[in-house]
Amino acid sequence: MLRLIKIELQKIWFNKSSRNLVFVSLILPFTFILFASIKIKINASYNLKSNDLGIFSFPIIWHFTTYLTSIIKFLFAFVIVGVISNEYSNKTLKQNLIDGLSKQEYICSKFYVIVLYALLATFIITCITFGIGFFMSDTSLKISEIFNGTEYLVAYFLKLVSFFSLCLFLGLAIKRSVFALALIFMIYIAEWLLYGIAYYFLGTNKATSIKDFFPLQAISNLIEQPFQRITTNKITQLKGFTYDYSLHNYEVIIVILWTLIFLTLSYKLLKKRDL
């Protein structure tokens, strides 16, 4: 495993664009520290602070930081499809197979790096969230209140691994990085079109249930947007509205299954392809 990881890391490190994208994607989460320290002076008697809505306090901060940070996953997606595209265009993939690297090892090497990156990104966001949360939250919080919401870290990790596994499959299928990433947006549009058709014939509930099984939607469901949770607290109390933002076991299972499907399709595709 270490040998395969070393091979992939060398490919990323010696490519300036890939190296810079990885660096930027891991540095960007630290901007939360800047956001957390923002204070705008409205007048002599009132200052607007970034945490007035409680977004940087426990437990909501776990939800808020993991959701926003997951948006920048496209940066590492460029790295994955870019490396694969270069391997096809420069014939290095064929050379690696000639030199003794099996097709199964090739897929494993990509997946190992995906998991490594996801672990590193999760570790960084964990440290940042803990730091900001302790600084911004009430000092009288109990330990249980601090760790309430850490399940979003699991969701964040799975979200990265599954999305990058999809990018791996599309990169192998399309061979061109730009078209592979463009296909992701086409899949997104296709999911909404299918949802619209299901909505027309089956109604809201059944259409939503079907949509939850679509790959991109399933990945997105791991971390629901936190803004409605933040802004509707008072509405929920007054009118009895509810908003389900929790992580469900069936959502995790669906995403794991899709990840396995992406990896299996990647291997089958590479196995049948004449390089």
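Good morning. I begin with a pair of helices: α4 and α9 run roughly parallel to each other, because the angle between them is about 10° and an angle under 35 degrees counts as roughly parallel. This is a predicted model, and I ask you to keep that in mind throughout.

Let me place the two helices. Helix α4 covers residues 60-70 and helix α9 covers residues 151-174, and their axes lie 9 Å apart. On the α4 side, the contact is made by Trp 62, His 63, Thr 66, Thr 69 and Ser 70. On the α9 side, Tyr 152, Leu 153, Tyr 156 and Lys 159 take part. By character, the residues of this contact divide into four nonpolar, four polar and one charged.

A word on the setting. The protein has 275 residues, of which 41% are buried. Its secondary structure comprises 15 helices and two strands. Among contacts between residues at least 6 apart in sequence, 80% join residues at least 24 apart.

I turn now to the interior. The largest nonpolar core holds 64 residues, and those touching the most other members are Phe 76, Ile 80, Tyr 106, Phe 163, Phe 164 and Leu 168. Which helix gives the most to this core? Helix α9 does, with 14 residues. As an example, consider Leu 168: leaving aside residues up to four places away in sequence, Leu 168 touches Ile 80, Ile 84, Ile 107, Lys 110, Ile 114, Leu 263 and Ser 266.

Next comes helix α5, which spans residues 73-89. Its 17 residues should span 24 Å at 1.5 Å a residue, and its end C-alpha atoms are 25 Å apart, so the two values agree. The helix is mostly covered, with 12 of its 17 residues buried. Among them are Phe 76, Ile 80 and Ile 84, and also the charged residues Lys 73 and Glu 87. Ser 85 belongs to α5 as well. Is Ser 85 buried or exposed? At 11% relative accessibility, Ser 85 counts as buried, because the cut-off is 20%. Setting aside residues up to four places away in sequence, Ser 85 touches Lys 175, Arg 176 and Ser 177.

That brings me to the backbone. Most residues other than glycine have a negative phi, and most peptide bonds are trans. Where does this model depart from that pattern? Lys 175, a contact of Ser 85, has a positive phi near 75°. Lys 175 is found in the loop between α9 and α10, the latter being residues 177-202. With 31% relative accessibility, Lys 175 counts as partly exposed.

Lys 91 also has a positive phi, near 65°. Lys 91 comes just after α5, in the loop that leads to α6, residues 92-98. At 55% relative accessibility, Lys 91 counts as exposed.

The remaining case concerns a peptide bond. The bond from Phe 58 to Pro 59 is cis, with omega near 0°. Pro 59 sits in the loop between β2, residues 46-49, and α4. We are thus back at α4, the helix that packs against α9 at an angle of about 10°.

To close, I return to two points. Helix α9 contacts α4 through residues including Tyr 152 and Tyr 156, and α9 also gives the most residues to the largest nonpolar core. Helix α5 is mostly covered, and Lys 91, just after α5, takes a positive phi. Thank you for your attention.

Methods:
Residues are numbered from 1 along each chain as its sequence is written. This is a predicted model: local features need pLDDT of at least 70, side-chain atom pairs count only at pLDDT 80 or more; totals for chains, interfaces and linings use all residues. Side-chain values use heavy atoms; hydrogens and water are left out. Axes are lines fitted to C-alpha atoms, for helices over the stretch in contact, and angles run from 0 to 180 degrees between N-to-C directions. Helices (H or I, at least four residues) and strands (E, at least two) are DSSP runs, numbered from the N terminus. Angles under 35 degrees count as roughly parallel, over 145 as roughly antiparallel, 65 to 115 as roughly perpendicular and the rest as oblique. Contact means heavy atoms within 4.5 Å. Buried means under 20% relative accessible area, exposed over 50%, partly exposed in between (1.4 Å probe, protein chains only). The expected span of a helix is 1.5 Å times one less than its number of residues. A nonpolar core is a set of buried Ala, Val, Leu, Ile, Met, Phe, Trp, Tyr and Cys residues joined through side-chain atoms within 4.5 Å.
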